[in-house]
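Reader: Hey, I've got a two-chain model to get through for class. Can you walk me through it?
Author: Sure, let's have a look together.
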Amino acid sequence: MSDRARTTVDSLRSVELAAVAEEVASVLRHDLRNKLAAIRNAAFYVRRRLAKTEAWTADSRLDEMSDVIQKEANASNELLNQTLTLKHLFARAVARIDARECVRQAIACARIPREPALRVELDAHAGEVDVDPSELTLAIRCLIENAAEAMEGVGVIEVRARSSESHYIVEVADHGPGIAATECALVLKPFHTTKKGHAGLGLNIAARVAQRYRGRVAVGDRPSGASVAIHLQLPDATHAL
Amino acid sequence: MTSVLLVDDDESNRLTMSALLEVEGFDVREATTFAEACTLLSATPSFTIVLTDQHLGDGLGSDLAPMIRARLPGAKIVLMSGSASAMTVTETWDGSFAKGEDFAELLRLIHSLLIS
């Protein structure tokens, strides 16, 4: 492997590590905030209902203990609010780039079975977006690997990329078993997976990257014959205000 | 009595939030899922305020907005979330509340929305 190729692989690996760490931290923060909110509200309710009762005034420690619950829950919430910086893992380098190059790069480095078992058909047009190319490459790679897993490594993945009005859209379609209507809202939920042995973070990482650059990931209209199409949409930089 | 629809899939949050709102004099109906919220909105179109968690097990709270706007044009929508990044107020809803903040803050928000 050449020095340049090795540098690219190392860079993508650090982006992937940062993305997984960010996703896990984000899920933990969200879930802990929910728990703390319930604790704070419950303590608030108890104090409010009991503060003027005989039992409350007879034991000053009830008031103190109530304060401890509130204070510690507040302090824990503050800890969660402190931004977790991942600069030691990955520093973003946002630039105006041709998104088509990220699509090509993502296909090249995706960890999927190769021909003849699995084939990737590409139809990509040029389009400018403002992103860190390593992150966009990772996001598209996640969509491709997700499609390959859905088809259990056999078949054809269709990747189309084009500008459409004010957006650049990358569409990854597979011919796997499809997604039930009731599952559509869940596929972007962290750690949600129907595949044994998988963490269920790929689509979520792609969605987080898209959101960072004012885009989105969603289940989209399927091309003829495909069972699922995931769309990654980003603002087209040439249409930016 | 001001009627509130509280949508949250977290049982503890729903229980405590509902109790606090009732003490404040609100008439609270609860929905535990996106689907249940849709059912209640279809059957009982009389809510003044809808408080919804963003990340419900079977959908996003913000995706309830079109149905609420269609059925209850005067209702106020408050989006709640444990994710600070999701708390940007848009035209889709009227206010947002970060879970973990003081309940008093939520009350202030609700009263300001009722006046507006």
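Author: One term before we start: two strands count as paired if DSSP finds at least two bridges between them. Also keep in mind that this is a predicted model.

Reader: Okay, pairing makes sense. Which strands form a hairpin in chain A?
Author: β4(A) and β5(A) do, with two residues between them. In the turn, A:E165 has a positive phi of about 55 degrees.

Reader: And how many bridges join β4(A) to β5(A)?
Author: Seven, and the two strands run antiparallel. As one example, A:S163 stands opposite A:Y168 in β5(A).

Reader: What does A:Y168 face in β7(A)?
Author: A:L234 stands opposite A:Y168 there. Next to that, A:I169 has A:Q233 as its bridge partner in β7(A). In total, eight bridges join β5(A), residues 167-174, to β7(A), residues 228-235, and this pairing is antiparallel too.

Reader: Is β5(A) mostly covered or mostly open?
Author: Mostly covered, with six of its eight residues buried.

Reader: So what's the strand order in the sheet?
Author: The order is β2-β4-β5-β7-β6 in chain A, an open sheet of five strands with mixed pairing. β2 (118-124) and β6 (216-219) of chain A are at the edges with a single partner strand each, so one side of each has no neighbour in the sheet.

Reader: How much is the twist from one strand to the next?
Author: It averages 15 degrees.

Reader: Which helix of chain A packs on the sheet touching β2, β4 and β5?
Author: That's α4(A), residues 99-109, and its direction makes about 165 degrees with that of β4(A). Another helix, α6(A), residues 202-212, packs on the sheet as well and touches β6 and β7 of chain A. For α6(A), the angle with the direction of β6(A) is about 135 degrees.

Reader: Back to α4(A). Which of its residues are buried?
Author: They are A:A99, A:C102, A:V103, A:A106 and A:I107. These residues cover an arc of only 135 degrees around the axis, which puts them on the same side of α4(A).

Reader: What do those buried residues pack against?
Author: Against β1 (95-98), β2, β3 (128-131), α5 (133-150), β4 and β5 of chain A.

Reader: Zooming out, how many helices and strands does chain A have?
Author: Six helices and seven strands. Along the sequence, the pattern reads α-α-α-β-α-β-β-α-β-β-α-β-β. Chain A has 241 residues, and 29% of them count as buried.

Reader: Cool, switching to chain B. What's in there?
Author: Chain B has four helices and seven strands, in the pattern β-α-β-α-β-β-β-α-β-β-α along the sequence. Of its 116 residues, 36% are buried.

Reader: Which strand of chain B should I look at for buried residues?
Author: Try β6(B), residues 76-81: six of its six residues are buried, so the strand is largely enclosed by the rest of the structure. B:K76, B:V78 and B:M80 point one way from β6(B), while B:I77, B:L79 and B:S81 point the other way.

Reader: And what does β6(B) pair with?
Author: One partner is β3(B), residues 49-53, joined to β6(B) by five bridges and running parallel. There, B:L51 has B:V78 as its bridge partner in β6(B). Another partner is β7(B), residues 95-98, which pairs with β6(B) in the parallel sense over four bridges. In that pairing, B:M80 stands opposite B:F97.

Reader: Now the meeting point. How many residues of chain B are in contact with chain A?
Author: 16 residues of chain B are in contact with 16 residues of chain A. Helix α1(B), residues 11-23, gives the most to the chain B side, with seven residues.

Reader: What kinds of residues are on that side of chain B?
Author: Six are nonpolar, seven polar and three charged.

Reader: Last one: what does the model score?
Author: It has an ipTM of 0.75 and a pTM of 0.62. For chain B, the mean pLDDT is 88, and 92% of the residues reach 70 or more.

Conventions. Residues are numbered from 1 along each chain as its sequence is written. Chains are lettered from A and ligands numbered from 1 in the order in which they are written. This is a predicted model: local features need pLDDT of at least 70, side-chain atom pairs count only at pLDDT 80 or more; totals for chains, interfaces and linings use all residues. Axes are lines fitted to C-alpha atoms, for helices over the stretch in contact, and angles run from 0 to 180 degrees between N-to-C directions. Two residues are in contact if their C-beta atoms, placed from the backbone, lie within 7 Å. Ala, Val, Leu, Ile, Met, Phe, Trp, Tyr, Cys and Pro count as nonpolar, Asp, Glu, Lys and Arg as charged, and the others, Gly among them, as polar. A residue is buried if 20 or more other C-beta atoms lie within 10 Å of its own, exposed if 12 or fewer, and partly exposed in between; C-beta atoms are placed from the backbone. The arc is that of the directions from the helix axis to the C-beta atoms. pLDDT is the predictor's confidence in each residue, from 0 to 100.
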